[in-house]
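User: I am new to this structure and would be grateful for a close look at one part of it. Please describe how the two domains of the chain meet, and then what lies on either side.

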Amino acid sequence: MTTFSSLAEAIRDGVKDGDSVAMEGFTHLIPFAAGHEIIRQEKRDLTLIRMTPDLIYDQLVGAGCVKKLIFSWGGNPGVGSLHRVRDAIENQFPRSLETVEHSHAAMANAYEAGASGLPLAVFRGYVGSELPLVNSQIAKITCPFSGEELAAIPSILPDVGIVHAQRADRKGNVLFEGIVGIQKEVVLSAKHSIVTVEEIVDELEASPNACVLPSWTINTIAVVPGGAKPSYAHGYYPRDNQYYKDWDNIARDREQFTVWLNNSVYKKGEQ
Amino acid sequence: MNQSYTPSEMMTITAARALSNGTSCFVGIGLPSEAANVARLTHAPDITLIYESGTIQTKPDVLPLSIGDGELCESALTTVSVPEMFRYWLQGGHIDVGFLGTAQIDRFANLNTTVIAAEHQADGKHGAYSYAHPKVRLPGGGGAPEISTNAKEVFITVKHSTRTFVKEVDFVTTLGFGRDGKGRENNPNIGKGPSVVITDLCILKPDPETKELVVTSLHPGVTSKQVQDATGWEIKFAEKLDETPVPDEASLKVLRELKARTARQHAGGNAQ
């Protein structure tokens with residue numbers, strides 16, 4: 001059964017040093033507030049999993065929370081590079097960063113396999129790509145019926161899954177609207193799940209086929225209005241494109257990043 | 001030559017023309033997205049544009065800055081989850097054209113969006129070596145590796161320069177025809193691969209036998225030497241070399257208005 005708590009409590013109780021943590025949201029509903037709380041609580045040695053580790057993981061990597069990154073596209077969408085991630089990979093600053101690199105299809109399949117309780121994902125992928133040369137987690141498997149050679153990778157089974165959603169009802173059932181990405185699969189594949197929401201409502205008013213996660217699939221819900229900013233929440237607020245552009249300059253420079261970290265994360269205090 | 005359009009506009013409109021009405025097109029962000037939307041707003045009103053964020057049959061009024069902008073969802077016929085997008089729609093064989101950009105492309109149309117090597121390793125020392133010795137770490141594959149093999153065919157659009165058009169890519173993120181041109185042989189379960197590459201100088205197509213890219217059409221005012229100078233290998237030209245038709249006024253108007261709307265919406269301009 002789900003419990004409601006503050007974001008600080010949810011992270012304190014839910015995320016341990018050394019955990020594998022998947023924070024998802026495909027451009028949309030990215031749980032930035034939860035990421036900043038992890039930075040504030042100085043969690044360390046995390047393995048972060050995310051298809052598109054954009055600004056949220058650039059910030060966590062730059063803050064020194066991360067030892068390993070599992071991903072499939074690492075950039076600042078429409079702008080350029082993730083400079084803190086690059087500094088970690090290229091210069092081991094603020095620490096070395098191990099990477100495990102996949103394609104989107106692979107990670108989407110691996111989350112789905114994780115949510116399905118399977119040990120591996122099988123799909124028609126990586127044909128002719130050199131990614132299998134640099135990622136030992138990509139294997140080939142032969143279909144016992146057709147003989148076709150397919151790709152196999154291990155399921156994603158995070159210790160903690162964290163996502164943002166539009167709203168929960170008072171019992172803790174959660175509704176996702178718009179680009180639902182991989183939100184459902186993250187919660188269902190994780191051992192422990194935390195969902196931040198824009199608001200609590202009396203009735204979800206969800207259509208019969210809406211993307212709803214029942215309360216009993218979620219460990220903790222924290223109400224964090226604006227918790228996905230600077231990404232967007234469909235029906236609540238738009239994407240702050242200027243923030244993404246400004247981030248390029250902040251993240252390029254270690255000192256500027258440190259100033260940002262102090263002013264925008266540490267000094268803000270618990271949420 | 002006093003042209004009333006830029007080389008970029010020439011590229012976008014030529015790329016748009018390559019898309020037929022009624023096609024289902026899996027669209028990459030950036031140049032492919034620009035071209036695909038010009039196609040939709042001109043000669044191909046019934047084209048189905050699909051973005052990897054799960055938006056199907058989307059009709060954005062402005063170009064998305066990211067692959068998952070709200071505009072894509074709001075104007076889509078329907079929006080599905082990311083696993084459904086990659087499993088049912090792409091792998092399931094429902095995509096006619098995958099439309100991709102790239103950072104590097106080689107003579108067999110292999111694409112690299114993973115890493116630029118510290119020093120290029122000729123003849124055989126690529127891939128894992130480049131990956132371990134990066135000069136520039138690029139974003140990675142994203143959807144491209146499976147778009148390229150699971151769509152029925154692939155269109156590529158990219159600006160022409162020796163940095164982009166290299167003899168051998170430092171890393172094959174995404175299969176064109178493989179390092180030897182034979183990467184799709186004896187594999188009936190994947191698509192036919194790149195069928196056209198559109199740049200700001202010319203149109204290239206793979207040779208039907210060797211799969212090496214051949215220039216089939218020069219844009220108006222562009223010389224063979226210009227193309228050769230912007231290409232990192234000895235480029236072949238088709239025996240019958242066409243001249244690409246100039247952009248029509250209607251398409252130019254649509255493209256310029258689309259870009260102006262996009263700039264206004266993204267306040268400060270599209271960062272492509």
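**Where the two domains meet**

Analyst: In this predicted model, 11 residues of domain 1 of chain A are in contact with 12 residues of domain 2 of chain A. On the domain 1 side that touches domain 2, β5 (98-101) and α7 (183-189) of chain A each supply at least two residues. The most comes from α7(A), which gives four residues to that side of domain 1. By character, the residues on the side of domain 1 of chain A that touches domain 2 of chain A are six nonpolar, three polar and two charged.

The domain assignment places residues 3-102 + 157-266 of chain A in domain 1, and residues 105-154 in domain 2. Taken over C-alpha atoms, the centres of the two domains of chain A are separated by 26 Å.

Let us turn to the strands numbered β6 to β8. They form an open sheet of three strands in chain A, in the order β6-β8-β7, and the pairing is antiparallel. Because β6 (120-123) and β7 (139-142) of chain A each have a single partner strand, they stand at the edges, and one side of each is left without a neighbour in the sheet. From one strand to the next, the twist averages 40 degrees. Strands of a sheet pair through backbone hydrogen bonds, in either a parallel or an antiparallel manner. Here, β7(A) is joined to β8 (residues 149-154) of chain A in the antiparallel sense over four bridges. A:Ala139 has A:Ala152 of β8(A) as its bridge partner.

A helix accompanies these strands. Helix α5 (residues 104-115) of chain A lies across β6 and β8 of chain A, and runs at about 135 degrees to β6(A).

A further element to consider is helix α2 (residues 32-40) of chain A, which is mostly covered, with eight of its nine residues buried. The buried residues of α2(A) are A:Phe32, A:Ala33, A:Ala34, A:Gly35, A:His36, A:Glu37, A:Ile38 and A:Arg40. Their cover includes three helices, α1 (7-14), α3 (55-62) and α9 (254-266) of chain A, together with strands β2 (20-23), β9 (160-169) and β11 (192-201) of chain A. After α2(A) comes A:Glu42, which has a positive phi, near 50 degrees.

How values were computed:
Residues are numbered from 1 along each chain as its sequence is written. Chains are lettered from A and ligands numbered from 1 in the order in which they are written. This is a predicted model: local features need pLDDT of at least 70, side-chain atom pairs count only at pLDDT 80 or more; totals for chains, interfaces and linings use all residues. Two strands pair if DSSP finds at least two bridges between them. Axes are lines fitted to C-alpha atoms, for helices over the stretch in contact, and angles run from 0 to 180 degrees between N-to-C directions. Two residues are in contact if their C-beta atoms, placed from the backbone, lie within 7 Å. A residue is buried if 20 or more other C-beta atoms lie within 10 Å of its own, exposed if 12 or fewer, and partly exposed in between; C-beta atoms are placed from the backbone. Domain bounds come from an automatic or database domain assignment. Ala, Val, Leu, Ile, Met, Phe, Trp, Tyr, Cys and Pro count as nonpolar, Asp, Glu, Lys and Arg as charged, and the others, Gly among them, as polar.
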